[in-house]
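Thanks, everyone. Let me walk you through one model. I'll start with the ligand and work outwards.

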Amino acid sequence: MLYLDHAATTPLRPEVRDAMAPYLGDQFGNPSGIHATARRAKNSIEEARERIAALIGAANPLEIVFTGGGTEADNLAVIGAALGGPGGVVTTAVEHAAVLESARFLGRIGHDVTIVPVDSDGCVSPDSIASAVDDGTAIVSVMMANNETGVIQDVAEVVRLVRSANDRTLVHTDAVQAFGSLPVDVHDHGPDLISVSAHKIGGPQGVGFLYVRDGVRLEPVIHGGGQELGRRSGTHNVAAIVGLAVAVESTVEGRSVYRERVAAARDRFEHDLRSRVAVRVTAGSASRLVSHAHLRFPGISAETLLVRLDYAGVAAAAGAACHSGAIQESHVLAAMGIGATAAAESIRFSFGRDDDAATGAEAAGIVTGVIEDLS
Ligand code: PLP
């Protein structure tokens, strides 16, 4: 099986599994307790927090808030900032549903919400983001890279322009897809809030973190026992948090090798396909993550192609997977002005850390065979 759906989720890294194992066995303590078993769990969580903070350059480990994944981190950032500040939200039309639906929720309860359009490559102009910011804007949320197309946004410029438009407005970036490929380093000129999810980087599903710059106040979205300094209640998933820290470490340490290998896989794949079949690369001239190949095969139904590829041993995806597993019309492609027909002929292949140019060539060979059968 050629697994080319790493944007959906990634296999657990062996070192992550090994690090988690004791916490699924005799290290079962609840870190909120007093006794030695609880204290060991608490120490493990605090070590994980320190490790992650150091790896992203955060001065204070308490700037890391553990969450139940990327969706929860996005909700906490967007809703938490809007409820805690003056209220308005500015975001883009291509954000993940975790951000867009949080913004829509805020709209329903009376907050000002502005959704800024993107160009035909899926890029948002930092100027148009800044122009949408006013005195009442609590938060701007612009993703580092898109989960469907891999297109990278100029978040640094967004931060710069938003700060000069309103220095009380917080900037959030969803780095869930980007973290595997792009450096995420926290510094004075960076975003105030950054979401990361473990399962996109070789960690377990259902855990992630939100970086929250020192001094930033968020209203919690999950209420309860006051864990995570009241910012995210609920008993910690100790095994998952330990796994998250190891996944972050392996990702940061292996990023440059990853980028080289995965770029070779993706570039070879696109190159070989282009020379053999009719194919269009979505946002082919934009700056994209090295992992993503979002391709349109004119005249071929994506749904049929996915099923045939699955038979042929290639796992890929169309649109964004939702809870039912059905293919939903992509709001990302629609926002880029890509019509329903073209969208229904488009597929996302996403490569991972074990892939290289040979994987790209092999995948292109299989995809070519299936396309020729279907043509
Ligand atoms: N944000 C982006 C860009 C994503 O790609 C995803 C997952 O697909 C999420 C957020 C949600 O993360 P999680 O699956 O950890 O809830």
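Helices here are DSSP runs of H or I with at least four residues, numbered from the N terminus. Keep that in mind for the label α3. One caution before we go in: this is a predicted model.

So, the ligand. Which element gives the largest share of the shell around the ligand? That is α3, with three residues. The shell has 13 residues, and G70, T71, D174, S197 and K200 come nearest. By character, the shell divides into eight polar, three charged and two nonpolar residues.

Now the polar contacts. T71 puts a polar side-chain atom 2.6 Å from a ligand oxygen. S197 also has a side-chain N or O atom 2.6 Å from an oxygen of the ligand. For Q177, the distance from a side-chain N or O atom to a ligand oxygen is 2.9 Å. How much of the ligand's accessible area does the protein cover? On its own the ligand has 390 Å², and the protein covers 86% of that.

Stay with α3 for a moment. Helix α3 spans residues 70–84, and L83 is part of it. L83 is partly exposed, at 39% relative accessible area. L83 joins F105 and I109 in a nonpolar surface patch, and together they offer about 240 Å² of accessible area.

Next, salt bridges. The whole structure has 18 of them. I'll pick three.

First pick: E72 with R232, 2.6 Å from N to O. Why does this pair matter for the chain path? E72 sits in helix α3 and R232 in the loop between β8 and α7, so the bridge ties together parts 160 residues apart in sequence. E72 is buried, because its relative accessibility of 16% is under the 20% cut-off. R232 is buried too, at 17%. There is also a network: K42, E46, R49 and E228 are joined by salt bridges that share partners.

Second pick: R348 with D5. Their closest N and O atoms are 3.2 Å apart. The two residues are 343 residues apart, with R348 in strand β12, residues 346–350, and D5 in the loop between β1 and α1. R348 is buried at 6% relative accessibility. D5 is buried as well, at 13%.

Third pick: E15 with R13, with closest N and O atoms 4.0 Å apart. Buried or partly exposed, for E15? E15 is partly exposed at 32% relative accessibility. R13, by contrast, counts as buried at 11%.

Now some backbone angles. Most residues other than glycine have a negative phi. E228 has a positive phi, near 55 degrees. L229 also has a positive phi, about 55 degrees, and is not a glycine. Where are they? E228 is in the loop between β8, residues 208–212, and α7, residues 238–276. L229 is in the loop between β8 and α7 as well. Their exposure splits. E228 is buried, at 5% relative accessibility. L229 is exposed, at 61%.

Two last stops. R296 is in strand β10, residues 292–296. R296 is buried, with 19% relative accessible area. Its side chain makes a polar contact with the side chain of E345, at 2.8 Å.

Then T341, in helix α10, residues 340–343. T341 is exposed, with 56% relative accessible area. How far apart are the C-alpha atoms of T341 and E101? They are separated by 25 Å, with the two positions 240 residues apart along the chain.

Note on methods. Residues are numbered from 1 along each chain as its sequence is written. This is a predicted model: local features need pLDDT of at least 70, side-chain atom pairs count only at pLDDT 80 or more; totals for chains, interfaces and linings use all residues. Side-chain values use heavy atoms; hydrogens and water are left out. Patches are made of residues with over 30% relative accessible area and no salt bridge: like charges are joined within 9 Å, nonpolar side chains (Val, Leu, Ile, Met, Phe, Trp, Tyr) within 5 Å. Accessible areas come from the Shrake-Rupley method with a 1.4 Å probe; for residues, only the protein chains shown count as cover. A salt bridge is a side-chain nitrogen of Lys or Arg within 4 Å of a carboxyl oxygen of Asp or Glu. Buried means under 20% relative accessible area, exposed over 50%, partly exposed in between (1.4 Å probe, protein chains only). A residue is near a molecule or strand if one of its heavy atoms lies within 4 Å of it. A polar contact is a pair of N or O atoms within 3.5 Å; within protein, one must be able to donate a hydrogen and the other to accept it, and residues adjacent in sequence count only if both atoms are side-chain atoms. Ala, Val, Leu, Ile, Met, Phe, Trp, Tyr, Cys and Pro count as nonpolar, Asp, Glu, Lys and Arg as charged, and the others, Gly among them, as polar.
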